[in-house]
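Work through the following exercises with the sequence and the model side by side, and try each task before reading its solution.

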Amino acid sequence: MLLGVLALAGLTGCGGEVEDARPGQPVKTRQLAFKEMLKVFEPMGTMLRTQKYEPEKFAGLAAQLMTKRDAPWPHFGAGTNYPPTKAKEGVWSQADQFERERQGFMIATDELLVAAQTKQLADAEKAYFKAYDTCQSCHKRFKEK
Ligand code: HEC
């Protein structure tokens, strides 16, 4: 019993998640890339939701987002739907729709950068929540909770 528990702990690592054991670790790599994106995207939302809009900082984060937004996508190659992924099968079987969601996200983040550079709160809010909706829209369709 004890041995079984230890073996399981070894497999799952400290986060309780299955380790990505494949060469190049595509699943882990794309998950980390999304987390890096979230690290700059989330503080922008916090600023707006807590009425602490700092135009310079917001614009800086929007610029950083542009350097991170391309990172996850090349790691969704064929045959990379395996644990610990949270991607749904549709990423591959409905590749056109997934690509359409991705394009929507690209356009919305282009607009977010432009809006951030106006340094106007109303522009920032409108563009931020529009971009946020593109994250949510794709997750709803293509990501497990
Ligand atoms: C075109 C679809 C799509 C868009 C747009 C998208 N995501 Fe995701 N996201 C995914 C998929 C699919 C996964 C699951 C990846 C996996 O586990 O293999 C994911 C995973 C994540 C994760 C989880 C990483 C982890 O391992 O816990 C975070 C965080 C995340 N996305 C943040 C964002 C944010 C923030 C945005 C918008 C700024 C965004 N995503 C836009 C499809 C998308």
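## Exercise 1: The shell around the ligand

In this predicted model, 23 residues surround the ligand, and the closest are Q31, F34, F105, C135 and C138. Find which elements give two or more residues to this shell, and which of them gives the largest share.

Solution. Begin with the elements: those that give two or more residues to the shell around the ligand are α2 (26-49), α5 (95-118) and α6 (121-142). Next, look for the largest share, which comes from α2 with 8 residues. Finally, sort the shell by class, and its residues divide into 13 nonpolar, 4 polar and 6 charged.

## Exercise 2: The packing of two helices

Describe how α2 and helix α3 (residues 55-68) pack, giving the angle and the distance between their axes.

Solution. Two packed helices are described by the angle between their axes and by the distance between those axes. For α2 and α3, the angle is about 155 degrees and the axes are 9 Å apart. Because angles over 145 degrees count as roughly antiparallel, α2 is roughly antiparallel to α3. The crossing in which α2 passes α3 is left-handed. As a last step, list the residues that meet: E36, M37, V40, F41, P43, M44 and M47 in α2 are in contact with F58, L61, A62, Q64, L65 and K68 in α3. By class, this contact has 10 nonpolar, 1 polar and 2 charged residues.

## Exercise 3: Backbone details in the loops

Locate Q51 and K119, each of which has a positive phi although neither is a glycine, and decide how exposed each one is.

Solution. Take Q51 first: this residue lies in the loop between α2 and α3, and its phi is about 55 degrees. Since 12 or fewer other C-beta atoms within 10 Å make a residue exposed, Q51, with 7 of them, is exposed. Turn then to K119, which is placed in the loop between α5 and α6 and has a phi of about 60 degrees. K119 has 14 C-beta neighbours inside 10 Å, and therefore counts as partly exposed.

## Exercise 4: A cis peptide bond and a residue of α5

Identify the loop that holds P84, and then state whether V114 is buried or exposed.

Solution. P84 is found in the loop between α3 and α4 (90-93), and the peptide bond from P83 to P84 is cis, with omega near 10 degrees. V114, by contrast, lies in helix α5, and it counts as exposed because it has 12 C-beta neighbours inside 10 Å. To place V114 further, note that its C-alpha atom is separated by 8.9 Å from that of A124, 10 residues apart along the chain.

Note on methods
Residues numbered from 1 in each chain as written. Predicted model: local features only at pLDDT ≥ 70, side-chain atom pairs only at ≥ 80, totals over all residues. Near = placed C-beta within 6 Å. Helix = DSSP H or I, 4+ residues; strand = E, 2+ residues; numbered from the N terminus. Nonpolar A, V, L, I, M, F, W, Y, C, P; charged D, E, K, R; others polar. Buried ≥ 20, exposed ≤ 12 C-beta atoms within 10 Å, placed from the backbone. Axes fitted to C-alpha atoms, helices over the stretch in contact; angles between N-to-C directions. Parallel < 35°, antiparallel > 145°, perpendicular 65-115°, else oblique. Left-handed = near helix turned anticlockwise from the far one by under 90°. Contact = placed C-beta atoms within 7 Å.
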